[in-house]
Structures are given as C-alpha cells and as structure tokens.
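Here are some questions about how labels in a structure are earned. Each answer sets a value against its cut-off.

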Amino acid sequence: MATKLEQAKGKLERLNNERTSLGISIREDHARIPFGQPNIIGRRDIYKDVNRKQAKSIKLLKEAEKQELRIEMLEKVETYKEENELIKDVHIVGRSSYANVGARTSVNNLDYFRSKLEELVKENEEAKAYNKTKPAIKRRTKGAEITKLKNKISMLEDMQEKAEKTELSDKTKELIENGDVNQWKKKPIYYFVKGLKKVALEIDDNGEFIISRMYPARGEEDKAFIRNLLEEEN
C-alpha cells in the first residue's frame with residue numbers, strides 16, 4: 001500500500017503531465033488561428049477554447065504548487081519519524097517544509113514518551129549535579145517538564161488499561177458491532193459516532209457508553225441523535 005508521500009508524489013506527477021499535455025494542445029490551437037485574427041461579432045469566439053484551456057492550465061499550476069508544499073511537509077514528517085523511531089503518531093501544524101511536527105498524545109506513542117522521560121530525568125540529574133558546583137551560570141533544570149510528561153504518560157496508561165481491561169456491556173458491544181461508533185485508536189476509550197462530526201461516546205467504569213465531555217454533541221439535532229441512539233440500546 002502506497003504511503004501518503006508516495007501518493008502525493010504520484011498526484012503531482014499526474015498534474016504536471018496533464019499541464020504539459022494541455023500546453024501542447026494550447027500551442028496547436030494557437031497555430032490554427034491566423035496571426036492577429038480578430039473575433040467577428042455574431043460568430044463563435046475563435047479564442048474561446050484557447051482561453052478555456054489556459055484557465056485550466058493556470059488552475060493546474062496552482063494545484064501543483066499546493067501539492068509541492070504538501071510533499072515538502074510529508075518529507076519533513078518522514079524525516080522526523082526516521083529520527084524518532086518510537087513515534088507512531090505525529091501531530092502536524094502547517095502545510096509546507098515550515099510545518100511544526102511533534103509527537104501526538106496517543107497511546108501508540110507511549111514507548112516514545114517513556115524514553116523521553118528517561119532522557120529528561122538524566123538531564124535533570126546532570127543539571128542539578130552541575131549546579132551544586134556553584135558555577136557562574138547555572139543549568140536549567142527539567143522538573144516542570146518531567147512532571148508534565150509524567151502526567152501525560154499516566155493519563156495515557158490509564159486510558160490504555162481502561163480500554164483493554166474494562167468489560168463492555170451488551171449494549172456497548174451492540175453499538176460497536178452495528179458500526180454505529182468507531183474506536184479512536186490513538187485514545188481508545190473514545191468512540192466517534194458515525195454520521196456526526198467530532199462527537200464521541202466514552203466508556204465508563206461499568207463498560208457503558210456515556211457522552212464524552214471532550215467531544216460532546218453541541219447542536220440540538222446532534223444531542224437528539226445521541227439521546228435516541230443510547231435510548232434505542234437501552
């Protein structure tokens with residue numbers, strides 16, 4: 001199966017090929033029109049086809065430029081993953097080589113976060129030991145970063161354990177088996193509701209579905225849809 005980067009490069013190649021073919025067609029159309037030939041009122045516009053193809057060529061050029069930016073971004077993501085082999089899910093902000101790429105808060109990245117925590121603890125101990133020598137300029141310690149990362153790891157571990165060990169109720173299983181909800185692999189206690197945008201249910205300690213506080217239904221129609229879905233299962 002082709003990667004996103006391979007697919008993006010394939011699309012760019014198709015756009016460029018189409019634009020090249022269109023350019024040839026435009027030149028051939030121009031060659032068939034006598035030099036300086038004006039349009040005659042009441043007759044068909046002799047430049048209509050050429051102008052239409054030129055407009056399409058410009059559109060293809062803009063699409064190709066956007067695709068080039070996407071390829072730059074995807075190449076940056078690939079490089080980031082190669083440099084951080086434990087990262088499985090990435091967070092991307094931006095659409096070019098200037099995009100910010102980082103590790104997404106995902107249970108799939110737990111090994112990476114644990115490894116990062118070990119590095120931070122080591123750096124922190126080294127900084128504290130160095131600062132004890134009373135240098136003119138102290139090193140910055142990593143206590144706040146360590147606490148923040150520990151909390152993230154704990155949250156993801158709890159989420160993973162809950163998703164794996166909680167016994168699902170018959171009602172919850174039925175919703176899943178019917179395809180009414182789809183589990184979010186990155187945060188597996190959440191199940192997005194099919195047909196609604198960014199609305200999820202959450203598994204509680206009893207294996208029942210409850211409305212997620214993180215991804216709640218906001219509009220009245222969506223709220224009614226969720227109520228009916230849960231009531232049907234009750």
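Q: Which elements do the buried residues of α3 pack against?
A: They pack against α2 (48–83), β2 (100–103) and α4 (143–165). Contact means heavy atoms within 4.5 Å. Helices (H or I, at least four residues) and strands (E, at least two) are DSSP runs, numbered from the N terminus. The model is predicted: local features need pLDDT of at least 70, side-chain atom pairs count only at pLDDT 80 or more, and totals for chains, interfaces and linings use all residues. Residues are numbered from 1 along each chain as its sequence is written, and side-chain values use heavy atoms, with hydrogens and water left out.

Q: What span does α3 reach, and what is expected at 1.5 Å a residue?
A: Helix α3 covers residues 110–131, 22 in number. Its first and last C-alpha atoms are 31 Å apart, close to the 32 Å expected. The expected span is 1.5 Å times one less than the number of residues.

Q: Which residues of α3 are buried?
A: L110, Y112, F113, L117, L120, N124, A127 and N131. They cover an arc of only 135° around the axis, so they sit on the same side of α3. The arc is that of the directions from the helix axis to the C-beta atoms. The face turned away from this buried side carries the exposed residues E118 and K122.

Q: Why does Y215 count as buried?
A: Buried means under 20% relative accessible area, exposed over 50%, partly exposed in between (1.4 Å probe, protein chains only). Y215 has 17% relative accessibility, so Y215 counts as buried. F192 has 21%, so F192 is partly exposed.

Q: What makes the pair of W184 and Y215 edge-to-face?
A: Rings of Phe, Tyr and Trp (its six-membered ring) pair if their centres lie within 6.5 Å; planes under 30 degrees apart count as stacked, over 60 as edge-to-face and the rest as tilted. By this rule there are seven aromatic pairs. The rings of W184 and Y215 have centres 5.7 Å apart and planes at 85°, so the pair is edge-to-face. W184 lies in the loop between β3 and β4, and Y215 in the loop between β6 (209–211) and α6 (220–233), so the pair ties together parts 31 residues apart in sequence.

Q: Which residues form one aromatic cluster with W184?
A: Y190, F192 and Y215 join W184 in one cluster.

Q: What makes R114 and D111 a salt bridge, and how far apart are their closest N and O atoms?
A: A salt bridge is a side-chain nitrogen of Lys or Arg within 4 Å of a carboxyl oxygen of Asp or Glu. The closest N and O atoms of R114 and D111 are 3.2 Å apart. The pair therefore meets the cut-off. Both residues lie in helix α3, three residues apart, about one turn.

Q: Where do the partners E157 and R114 lie?
A: The side chains of E157 and R114 meet in a salt bridge at 3.1 Å, N to O. E157 lies in helix α4 and R114 in helix α3, so the pair ties together parts 43 residues apart in sequence. D111, R114 and E157 are linked in a network of salt bridges.

Q: How do you know that K187 has no salt bridge?
A: The nearest side chain of opposite charge, D89, is 10 Å away. Lys and Arg count as positive and Asp and Glu as negative; His and the chain ends are not counted. K187 is nevertheless buried.
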